[in-house]
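Work through the exercises below with the sequence and the structure at hand. Try each task before reading its solution.

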Amino acid sequence: MPKTSARLLALLSLLQARRDWPGAALAERLAISPRTVRRDVDRLRELGYPIVATKGPDGGYRLDAGAQLPPLLFDDEQAVALAVALQLATTAGAGIEEAAARALTTVRQVMPARLRHRIDSVRVTALARPGPQVGSEVLAALGTAVHASEVLRFDYPPGPAPRRVEPHHLVARGGLWYLVAWDLDRGDWRVFRADRLTPRTPTGPRFTPRELPGGSVAAFVTSRFQGSGSGWPCRGSVILDLPAAAVSRYAGDAVVEEAGPDRCRLELGSWSWVSLAAAFGRFDADLEVVGPPELAEAFEVLANRFHRHCTNSPRGAELGFLAVGDAAAAIMTPTDP
C-alpha cells in the first residue's frame, strides 16, 4: 500500500479530475479498501478541502468549491509545470504579468524545500512580441460567452454599429488574443482581435454551436492567417542543395520531399511572390526554381535589388557584382518538377 501522503495526493488528484466519484471506484483506482478511502477523505477535510459525501446506491464523494483556497499538494512534475506556466504567463498579452509573478512567489513560499529547489532550477526567459494588451475583464467576458454559448455584442472599429456574433473559441496566437465567432449579420465566420473589441452587456440568447470549418480551431485560424480558406495566395517550389532531414526541421508547415542524397524539393507559401522568394533564400543554399514562372520572376526582382545594392557599395562593386550575377543566373535555371 502506498504511503499516506502519496495516497492523499492521488486521492486529491482523482477528486479534482471529475465531479462525482463512487466510493468503490475510488477504492479500486487507489487499490485500497473503502474504509481507507473514508479515513483519507477525513484527513483531506482536516487539511481544509471541502469534500462532501454524495447519496445514492453506491455512495460517493465530491470536491466542492470552498470559501478559501485550501493547502495545495503538488508532485514534482506539477511543480515544474506550474513554475513554467506562470513564467510564460508574462507573455500572454492578457495584462496578468504582475499577478502571475505574485502567484509564482506565493506558490514558491509554501512549497517544501525539495520542490522549491526544483522550481528555482527552472528559469524561463520568455520573449514576448510587442503588442497591445487585453484587459483580463475583456478576456473573462469573452470566455464566459464562449463557455455559455451566448450571443455576444461588442463594439469593433471602424464600424459604428455593434457586431453580433456567436462566439466559439478564444485563441492566443503570436502574443495576441483572437475571438473566433460566427458573425450573425454577415453570415460567415470571422476572427476578431480581442484587444480591439469592447463587449456590451447583457449577452444575448443561447445558441447551438456550429461546426467550425477545417475540422479544428487550429486549422481554421491557420488558414485564415494564410490569406484565404484554401491557403497562401502565392505558392511555389524549388530544389535545394540540402538534405530533406536538415530542411524539414525549419520548414514549418511546408512540404519537403527527398530529391537525392543531399537535395530536396521544398514547397512554400507566402503573401507575395517576392516574399516567397526571400523565404526560400533564408535556407542559405544553392537552389533551382521548379515553378511557377511568377516565382522565377520574383527571384529576378530580388537579384536586381541586391545587385543595385552591391554596385552602390565600393566593397560590393569589387566582390559582389559577378557573384550576384552568377547567383541570379543559377536561380533562374528552370528544373522539371
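**Exercise 1.** In this predicted model, state in which helix Asp-40 is found, and decide whether Asp-40 is buried or exposed.

Solution. Asp-40 is found in helix 3. Its relative accessible area is 0%. Buried means under 20%, so Asp-40 is buried. Next, list its contacts, leaving aside the neighbours within four places in sequence: Asp-40 is in contact with Arg-7, Leu-8, Leu-11 and Ile-32.

**Exercise 2.** Describe how helix 1 and helix 3 are placed relative to one another.

Solution. Two packed helices are described by the angle between their axes and the distance between the axes. Begin with the distance: the axes of helix 1 (residues 4–17) and helix 3 (residues 34–46) come within 10 Å. The axes cross at roughly 85°. Angles of 65 to 115 degrees count as roughly perpendicular, so helix 1 is roughly perpendicular to helix 3. Finally, name the residues that make the contact. Helix 1 contributes Thr-4, Arg-7, Leu-8, Leu-11, Leu-12 and Leu-15. Helix 3 contributes Thr-36, Asp-40, Val-41, Arg-43 and Leu-44. Asp-40 from Exercise 1 is thus one of the contact residues of helix 3.

**Exercise 3.** Check the length of helix 7 against the expected span, and find what its buried residues pack against.

Solution. Helix 7 covers residues 136–148, which is 13 residues. The expected span is 1.5 Å times one less than the number of residues, so helix 7 should span 18 Å. Its end C-alpha atoms are 18 Å apart, which agrees. The buried residues of helix 7 are Val-138, Leu-139, Leu-142, Ala-145, Val-146 and Ala-148. To read such a list, recall that an α-helix has 3.6 residues a turn, so residues three or four places apart point the same way. The buried residues of helix 7 pack against strand 4, strand 5, strand 6 (176–183) and strand 8 (198–200). After the helix comes Ser-149, with a positive phi near 55°.

**Exercise 4.** How many aromatic pairs are there, and what is the geometry of the pair formed by Tyr-156 and Phe-192?

Solution. Two rings pair if their centres lie within 6.5 Å. By this rule there are five aromatic pairs. For Tyr-156 and Phe-192, the centres are 5.1 Å apart and the planes make an angle of 85°. Planes over 60 degrees apart count as edge-to-face, so this pair is edge-to-face. Now place the two residues. Tyr-156 lies in the loop between strand 4 (152–155) and strand 5 (163–173), and Phe-192 lies in strand 7 (residues 188–193), so the pair ties together parts that are 36 residues apart in sequence. Both Tyr-156 and Phe-192 are buried. Another edge-to-face pair is formed by Trp-182 and Trp-189, at 5.6 Å centre to centre and 80° between the planes. Trp-182 has a relative accessible area of 16% and is buried; Trp-189, at 5%, also counts as buried. Phe-154 joins Tyr-156 and Phe-192 in one aromatic cluster.

**Exercise 5.** Which residues of the largest nonpolar core touch the most other members, and which helix gives the most to this core?

Solution. In soluble globular proteins, nonpolar side chains tend to be buried together. The largest nonpolar core has 21 residues. Those that touch the most other members are Val-238, Leu-240, Leu-266, Leu-268, Phe-280, Leu-295 and Phe-299. Elements that give two or more residues include strand 9 (234–240), strand 11 (264–270), helix 10 (273–281) and helix 11 (293–312). Helix 11 gives the most, with five residues. As a detail, take Leu-268: beyond its neighbours within four places in sequence, its contacts include Ala-251, Leu-276, Ala-279, Phe-280 and Phe-283.

**Exercise 6.** Find where the backbone departs from the general pattern at Pro-158, Pro-292, Ala-31 and Asp-284.

Solution. Most residues other than glycine have a negative phi, and most peptide bonds are trans. Start with the peptide bonds. The bond from Pro-157 to Pro-158 is cis, with omega near 10°, and Pro-158 is found in the loop between strand 4 and strand 5. The bond joining Gly-291 and Pro-292 is also cis, with omega about 5°; Pro-292 lies in the loop between strand 12 and helix 11. Turn to phi. Ala-31 has a positive phi of about 60° and is found in the loop between helix 2 (23–30) and helix 3. Asp-284 has a positive phi of about 55°. At 65% relative accessibility, Ala-31 counts as exposed, and so does Asp-284, at 69%.

Key:
Residues numbered from 1 in each chain as written. Predicted model: local features only at pLDDT ≥ 70, side-chain atom pairs only at ≥ 80, totals over all residues. Heavy atoms only, no water. Phe/Tyr/Trp six-rings, centres within 6.5 Å; stacked < 30°, edge-to-face > 60°. Helix = DSSP H or I, 4+ residues; strand = E, 2+ residues; numbered from the N terminus. Buried < 20%, exposed > 50% of the residue type's maximum accessible area, 1.4 Å probe, protein only. Core = buried A, V, L, I, M, F, W, Y, C linked by side-chain atoms within 4.5 Å. Contact = heavy atoms within 4.5 Å. Axes fitted to C-alpha atoms, helices over the stretch in contact; angles between N-to-C directions. Parallel < 35°, antiparallel > 145°, perpendicular 65-115°, else oblique.
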